[in-house]
Amino acid sequence: MAGLSRFAMRRRAGRWLALPALLALLAWSGVCAAQPQASVENQVKAAYLFKFAGFVEWPDGSFARADSPLQIGVSGNDGLADQLEQMVAGRTVGGHAILVRKLRRGDPVGGIHILFIGAGERAAVIDMLAAARGQSVLTVSDADDSIALGCMIAFVVAQERLRFDVALGQVNASRLRISARMLAAANRVQGAT
(Lines give C-alpha, C1' and ligand atoms only; values in the text may rest on other atoms or scores of the structure.)
Protein backbone atom coordinates (compact mmCIF):
# COMPACT_ATOMS: atom_id res chain seq x y z
CA MET A 1 0.00 0.00 0.00
CA ALA A 2 3.01 2.23 -0.35
CA GLY A 3 2.24 5.42 -2.18
CA LEU A 4 -1.43 5.55 -1.20
CA SER A 5 -2.61 8.55 0.76
CA ARG A 6 -4.31 8.01 4.10
CA PHE A 7 -7.60 9.03 2.47
CA ALA A 8 -7.19 6.46 -0.33
CA MET A 9 -6.38 3.71 2.19
CA ARG A 10 -9.47 4.57 4.25
CA ARG A 11 -11.58 4.62 1.12
CA ARG A 12 -10.29 1.20 0.08
CA ALA A 13 -10.82 -0.12 3.60
CA GLY A 14 -14.34 1.33 3.59
CA ARG A 15 -15.14 -0.53 0.38
CA TRP A 16 -13.89 -3.77 1.87
CA LEU A 17 -15.80 -3.20 5.09
CA ALA A 18 -18.95 -2.46 3.11
CA LEU A 19 -18.58 -5.68 1.11
CA PRO A 20 -19.07 -8.07 4.08
CA ALA A 21 -22.08 -6.01 5.21
CA LEU A 22 -23.62 -6.26 1.74
CA LEU A 23 -22.86 -9.97 1.53
CA ALA A 24 -24.41 -10.52 4.96
CA LEU A 25 -27.49 -8.59 3.88
CA LEU A 26 -27.80 -10.65 0.72
CA ALA A 27 -27.25 -13.92 2.60
CA TRP A 28 -29.82 -12.87 5.18
CA SER A 29 -32.24 -12.18 2.37
CA GLY A 30 -31.68 -15.63 0.88
CA VAL A 31 -29.90 -14.48 -2.28
CA CYS A 32 -28.25 -16.99 -4.57
CA ALA A 33 -25.39 -15.96 -6.83
CA ALA A 34 -27.35 -17.21 -9.82
CA GLN A 35 -30.23 -14.77 -9.34
CA PRO A 36 -30.67 -12.04 -11.94
CA GLN A 37 -29.25 -8.56 -11.34
CA ALA A 38 -32.75 -7.03 -11.04
CA SER A 39 -33.48 -9.31 -8.10
CA VAL A 40 -30.31 -8.24 -6.27
CA GLU A 41 -31.08 -4.60 -7.01
CA ASN A 42 -34.61 -5.05 -5.62
CA GLN A 43 -33.19 -6.65 -2.49
CA VAL A 44 -30.86 -3.72 -1.88
CA LYS A 45 -33.67 -1.22 -2.50
CA ALA A 46 -35.95 -3.17 -0.16
CA ALA A 47 -33.24 -3.06 2.53
CA TYR A 48 -32.94 0.71 2.07
CA LEU A 49 -36.73 1.21 2.34
CA PHE A 50 -36.82 -0.87 5.53
CA LYS A 51 -33.88 1.10 6.99
CA PHE A 52 -35.38 4.47 6.00
CA ALA A 53 -38.38 3.69 8.22
CA GLY A 54 -36.14 3.68 11.28
CA PHE A 55 -34.61 7.07 10.51
CA VAL A 56 -37.75 9.07 9.74
CA GLU A 57 -40.02 10.74 12.25
CA TRP A 58 -43.65 11.23 11.23
CA PRO A 59 -45.75 14.05 12.72
CA ASP A 60 -48.46 13.42 15.32
CA GLY A 61 -51.57 11.93 13.77
CA SER A 62 -49.70 9.98 11.09
CA PHE A 63 -50.75 6.71 12.74
CA ALA A 64 -54.41 6.07 13.57
CA ARG A 65 -53.41 4.29 16.80
CA ALA A 66 -50.20 3.65 18.69
CA ASP A 67 -50.15 0.07 17.37
CA SER A 68 -51.12 0.86 13.77
CA PRO A 69 -48.77 -0.59 11.17
CA LEU A 70 -46.21 1.45 9.32
CA GLN A 71 -47.31 1.11 5.70
CA ILE A 72 -44.94 1.05 2.76
CA GLY A 73 -46.61 1.41 -0.61
CA VAL A 74 -44.83 0.19 -3.73
CA SER A 75 -45.93 1.31 -7.17
CA GLY A 76 -44.44 0.21 -10.47
CA ASN A 77 -42.24 -2.61 -9.18
CA ASP A 78 -44.06 -5.71 -7.94
CA GLY A 79 -40.75 -7.61 -7.61
CA LEU A 80 -39.53 -5.02 -5.11
CA ALA A 81 -42.83 -5.20 -3.23
CA ASP A 82 -42.53 -9.00 -2.99
CA GLN A 83 -38.92 -8.76 -1.80
CA LEU A 84 -39.78 -6.09 0.76
CA GLU A 85 -42.71 -8.14 2.05
CA GLN A 86 -40.40 -11.10 2.69
CA MET A 87 -37.76 -8.90 4.31
CA VAL A 88 -40.07 -7.15 6.78
CA ALA A 89 -42.19 -10.16 7.77
CA GLY A 90 -42.41 -10.22 11.56
CA ARG A 91 -40.32 -7.05 11.97
CA THR A 92 -41.29 -3.78 13.59
CA VAL A 93 -40.06 -0.20 13.48
CA GLY A 94 -40.71 2.06 16.44
CA GLY A 95 -43.26 -0.41 17.80
CA HIS A 96 -45.15 -0.55 14.50
CA ALA A 97 -45.51 -3.72 12.46
CA ILE A 98 -44.66 -3.14 8.81
CA LEU A 99 -47.26 -3.64 6.10
CA VAL A 100 -46.37 -3.60 2.39
CA ARG A 101 -49.04 -2.57 -0.11
CA LYS A 102 -48.79 -2.88 -3.90
CA LEU A 103 -50.26 0.21 -5.50
CA ARG A 104 -51.33 0.98 -9.04
CA ARG A 105 -51.60 4.32 -10.76
CA GLY A 106 -54.64 6.12 -9.38
CA ASP A 107 -54.80 4.15 -6.11
CA PRO A 108 -55.25 6.33 -3.02
CA VAL A 109 -52.14 6.70 -0.85
CA GLY A 110 -54.01 7.43 2.39
CA GLY A 111 -52.44 5.62 5.32
CA ILE A 112 -49.13 5.10 3.51
CA HIS A 113 -46.00 6.28 5.36
CA ILE A 114 -43.37 5.47 2.72
CA LEU A 115 -44.21 5.44 -0.98
CA PHE A 116 -41.80 3.90 -3.48
CA ILE A 117 -42.52 4.80 -7.10
CA GLY A 118 -40.76 2.68 -9.73
CA ALA A 119 -39.17 4.17 -12.81
CA GLY A 120 -42.03 3.49 -15.15
CA GLU A 121 -43.95 5.86 -17.29
CA ARG A 122 -43.10 9.49 -16.43
CA ALA A 123 -46.80 10.39 -16.23
CA ALA A 124 -47.40 7.59 -13.71
CA VAL A 125 -44.54 8.86 -11.51
CA ILE A 126 -45.97 12.39 -11.65
CA ASP A 127 -49.48 11.11 -10.80
CA MET A 128 -48.26 9.11 -7.77
CA LEU A 129 -46.23 12.05 -6.47
CA ALA A 130 -49.25 14.32 -6.89
CA ALA A 131 -51.39 11.86 -4.89
CA ALA A 132 -48.87 12.00 -2.02
CA ARG A 133 -48.37 15.78 -2.09
CA GLY A 134 -49.57 17.54 1.04
CA GLN A 135 -49.45 14.35 3.10
CA SER A 136 -46.75 13.17 5.48
CA VAL A 137 -45.55 10.44 3.12
CA LEU A 138 -41.86 9.81 2.48
CA THR A 139 -41.61 9.50 -1.30
CA VAL A 140 -38.80 7.42 -2.82
CA SER A 141 -38.16 6.65 -6.48
CA ASP A 142 -35.59 5.30 -8.90
CA ALA A 143 -37.02 7.29 -11.82
CA ASP A 144 -34.79 9.70 -13.71
CA ASP A 145 -35.18 13.27 -12.42
CA SER A 146 -37.39 12.10 -9.56
CA ILE A 147 -36.10 14.86 -7.26
CA ALA A 148 -36.92 17.47 -9.91
CA LEU A 149 -40.41 15.96 -10.17
CA GLY A 150 -40.95 16.47 -6.41
CA CYS A 151 -39.73 13.21 -4.88
CA MET A 152 -37.97 13.31 -1.49
CA ILE A 153 -35.47 10.50 -1.97
CA ALA A 154 -34.01 9.29 -5.26
CA PHE A 155 -32.08 6.05 -5.68
CA VAL A 156 -28.93 6.71 -7.72
CA VAL A 157 -25.88 4.72 -8.74
CA ALA A 158 -22.67 6.38 -7.54
CA GLN A 159 -19.25 4.75 -7.73
CA GLU A 160 -20.89 1.49 -8.86
CA ARG A 161 -23.06 1.32 -5.74
CA LEU A 162 -26.73 1.97 -5.16
CA ARG A 163 -27.00 5.14 -3.09
CA PHE A 164 -29.65 7.78 -2.45
CA ASP A 165 -30.07 11.54 -2.74
CA VAL A 166 -32.34 13.52 -0.42
CA ALA A 167 -34.31 16.71 -1.20
CA LEU A 168 -34.77 18.42 2.17
CA GLY A 169 -37.18 21.01 0.78
CA GLN A 170 -39.72 18.33 -0.11
CA VAL A 171 -39.12 16.52 3.20
CA ASN A 172 -39.68 19.65 5.28
CA ALA A 173 -42.83 20.56 3.33
CA SER A 174 -44.33 17.21 4.33
CA ARG A 175 -43.57 17.80 8.05
CA LEU A 176 -41.32 14.73 8.15
CA ARG A 177 -38.00 14.72 9.97
CA ILE A 178 -35.06 12.67 8.75
CA SER A 179 -32.30 11.85 11.22
CA ALA A 180 -28.86 13.35 10.76
CA ARG A 181 -27.44 9.82 10.57
CA MET A 182 -29.50 9.05 7.48
CA LEU A 183 -28.59 12.38 5.90
CA ALA A 184 -24.90 11.67 6.55
CA ALA A 185 -25.25 8.36 4.68
CA ALA A 186 -26.84 10.05 1.65
CA ASN A 187 -24.92 10.47 -1.58
CA ARG A 188 -26.15 14.06 -1.82
CA VAL A 189 -28.49 16.24 0.23
CA GLN A 190 -30.18 19.10 -1.60
CA GLY A 191 -31.29 22.08 0.45
CA ALA A 192 -28.90 21.38 3.35
CA THR A 193 -27.83 24.46 5.26
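This report describes a buried strand residue, a pocket and two loop residues with positive phi in a predicted model.

Residues are numbered from 1 along each chain as its sequence is written. In this predicted model, local features need pLDDT of at least 70 and side-chain atom pairs count only at pLDDT 80 or more, while totals for chains, interfaces and linings use all residues.

T139 belongs to strand β6, residues 138–141 (strands are DSSP runs of E of at least two residues, helices runs of H or I of at least four, numbered from the N terminus). With a relative accessible area of 3%, T139 is buried (under 20%; exposed is over 50%, partly exposed in between, with a 1.4 Å probe and protein chains only). Beyond its neighbours within four places in sequence, T139 is in contact (heavy atoms within 4.5 Å) with L115, L129, A132, G150, C151, M152 and I153.

The second largest pocket is lined by 13 residues, and V56, E57, W58, F63 and H96 are those nearest its centre. By class, seven of the lining residues are nonpolar, four polar and two charged.

Most residues other than glycine have a negative phi. Two residues with a positive value are listed below.

| Residue | Phi | Loop | Relative accessible area |
|---|---|---|---|
| E160 | near 65° | between β7 (153–158) and β8 (161–167) | 79% |
| R175 | near 70° | between α6 (168–173) and β9 (177–178) | 54% |

E160 is exposed because its relative accessible area is 79%, and R175 is likewise exposed, at 54%.

Note on methods
Heavy atoms only, no water. 1 Å grid on protein atoms, 1.4 Å probe; cavity = no way out; pocket = protein on both sides within 12 Å on 5 of 7 lines; lining within 4 Å. Nonpolar A, V, L, I, M, F, W, Y, C, P; charged D, E, K, R; others polar.
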